[in-house]
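Visitor: I've got a few minutes and a new structure to look at. Could you walk me through it, question by question?

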Amino acid sequence: MARMKAIIDCDPGHDDAVAIVLAAKHFDLLGVTTVGGNAPLWRVTDNALRVLDLIGRPDIPVARGAAGPLMGSLPGVGQRVHGATGLDGADLPRSQRAVIPRNGVEFLIDTVMSNPGTVVIATGPLTNVALAMRQEPRFARSVARLSIMGGSATWGNVSAAAEFNVWADPEAAHIVFTSGAKLTMCGLDLTRQAAVGRETIAGFRGVGTRTAGVIADLLEFYRAASEGLTGSPTVPLHDPCAVAVLAAPELFEFRFGQVEVETRGEWTRGMTVVDRRRWESEEPGVGPVGNCRLATRVDAEGLFALVREALASCP
Ligand code: BDR
Ligand code: CA
């Protein structure tokens, strides 16, 4: 069976790096677009190139997208947990290749419009995706599914209410959540179920490939940096959930709901407000309501097995 075509729009980022590994394994990955988020755009773009080299996929094009949010400027808080480079913890060699000479937003539009059935996996702020929706009104309906790591149905991480990717560009997230695109949301309430500690990271290392060793080094940095901030010895594998939810949906449970993005609140800017009054299952006869399919439960061990399998297939 032909593999599903996908683009990953990301800001690597430790968990984005694992998401790229998974996406390259499970999809016909047509490209990687980058967006300023965890670190400045030039850093995350450089990191995307390095990760693709690491996994032996220099054939996958990388296109640089938006440097910062639709309004205001890029907040620096991502580097608190991802380090100054956005991918601290392992010395990945600088890539010998360059990004393609096309803007990431144009790449998203052209690739989706000319490849029916393409899914987009967004693991950074939603700036590029929102710009694509603005520039090409048919884009939202043309994406087969948009899988988002972002938001939360409970509480936030960067603030009491907001999750980082939505908080970093709430106006973009608002455009995306009101676009009519087929959305799947992997929020913090889901990704916190897929937290890795020392033992799980050691299991990744145990796969034995060079990629597995580097990813384990990166995740150990990420875990320790996160522990310094939160006090928890485990760190969620946020972004891989947005890949796995499409590649292995049997590992997840879902509900449909209406999600709005708070763009004005004094304490709640960047919050995703999930209306659980209209919180429906996918049982036959019940029918979907709302603008979004929310992943609510994940089989974490199943997800970790998927990561190990992907690491084993890399050099
Ligand atoms: C999200 O923020 C980033 O730090 C991670 O890469 C992930 O995409 C989690 O809130
Ligand atoms: Ca990310």
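Guide: Happy to. One definition before we start: the expected span of a helix is 1.5 Å times one less than its number of residues. Keep in mind too that this is a predicted model.

Visitor: Let's use that on helix H11, residues 210–230. What span is expected at 1.5 Å a residue?
Guide: H11 has 21 residues. From its first C-alpha to its last it reaches 30 Å, and that is close to the expected value of 30 Å.

Visitor: And which residue just after H11 has a positive phi?
Guide: Most residues other than glycine have a negative phi. Here the angle is about 85°, and the residue just after H11 that takes it is Gly-231.

Visitor: Now helix H1, residues 14–26. How far apart are its end C-alpha atoms?
Guide: H1 has 13 residues, so at 1.5 Å a residue it should span 18 Å. The model agrees with that, as the end C-alpha atoms are apart by 19 Å.

Visitor: How many of the residues of H1 are buried?
Guide: The buried ones include His-14, Asp-15, Asp-16 and Ala-17, and Leu-22, Ala-23 and Ala-24 are also among them. H1 is mostly covered, and of its 13 residues the number buried is 11.

Visitor: Which two residues does a cis peptide bond join?
Guide: Most peptide bonds are trans. This one has an omega of about -5°. One partner, Gly-13, sits in the loop between strand S1 (5–10) and H1. The pair joined by the cis bond is Pro-12 and Gly-13.

Visitor: On to the ligand. Which pocket does ligand 1 take up?
Guide: Residues surrounding ligand 1 include Asn-38, His-82, Met-149, Asn-157, Glu-163 and His-238. As for the space ligand 1 takes, that is the largest pocket.

Visitor: Which elements give two or more residues to the shell around ligand 1?
Guide: Asp-15 and Asp-16 are in that shell, and both are among the buried residues of H1. His-238 and Asp-239 surround the ligand as well, and these two are among the buried residues of H12. The elements that give two or more are H1, helix H7 (164–168) and helix H12 (238–247).

Visitor: What is the distance from an oxygen atom of ligand 1 to a side-chain N or O atom of Asp-239?
Guide: Let's go through three side chains in turn. A polar side-chain atom of Asp-16 lies 3.0 Å from a ligand oxygen, and for an N or O atom in the side chain of Asn-165 the figure is 2.9 Å. For Asp-239 the distance is 2.6 Å.

Visitor: How much of the accessible area of ligand 1 does the protein cover?
Guide: On its own, ligand 1 has 280 Å² of accessible area. The share of that covered by the protein is 96%.

Visitor: How many of the residues of H12 are buried?
Guide: The buried set includes His-238, Asp-239, Pro-240 and Cys-241. H12 is mostly covered, and of its 10 residues the number buried is 9.

Visitor: Which residue has a side chain joined to that of Thr-123 by a polar contact?
Guide: Thr-123 is in the loop between strand S4 (119–122) and helix H5 (127–135), and it is one of the residues surrounding ligand 1. At 1% relative accessibility Thr-123 counts as buried. The contact is 2.8 Å, and the partner is Asp-16.

Visitor: Is Arg-145 buried or exposed?
Guide: Arg-145 belongs to strand S5, residues 145–149, and its side chain makes a polar contact of 2.9 Å with the side chain of Thr-184. The cut-off for buried is under 20% relative accessible area. Arg-145 has 19%, so the word for it is buried.

Visitor: What class does Met-113 fall into by relative accessibility?
Guide: Met-113 is found in helix H4, residues 104–114. Buried means under 20% and exposed over 50%. Met-113 comes in at 27%, so it counts as partly exposed.

Visitor: Last one. How far apart in space are Ala-295 and Phe-254, C-alpha to C-alpha?
Guide: Ala-295 is in strand S11, residues 292–298, and counts as buried at 2% relative accessibility. Along the sequence, Ala-295 and Phe-254 are 41 residues apart. In space, C-alpha to C-alpha, the separation is 4.5 Å.

Definitions and conventions
Residues are numbered from 1 along each chain as its sequence is written. Chains are lettered from A and ligands numbered from 1 in the order in which they are written. This is a predicted model: local features need pLDDT of at least 70, side-chain atom pairs count only at pLDDT 80 or more; totals for chains, interfaces and linings use all residues. Side-chain values use heavy atoms; hydrogens and water are left out. Helices (H or I, at least four residues) and strands (E, at least two) are DSSP runs, numbered from the N terminus. Buried means under 20% relative accessible area, exposed over 50%, partly exposed in between (1.4 Å probe, protein chains only). A residue is near a molecule or strand if one of its heavy atoms lies within 4 Å of it. A polar contact is a pair of N or O atoms within 3.5 Å; within protein, one must be able to donate a hydrogen and the other to accept it, and residues adjacent in sequence count only if both atoms are side-chain atoms. Accessible areas come from the Shrake-Rupley method with a 1.4 Å probe; for residues, only the protein chains shown count as cover. On a 1 Å grid over the protein atoms alone, a cavity is a set of points where a 1.4 Å probe fits but cannot get out, and a pocket is an open set with protein on both sides within 12 Å along at least five of seven lines; lining residues have an atom within 4 Å of a point. A molecule sits in a cavity or pocket if more than half of its atoms lie within 2 Å of its grid points.
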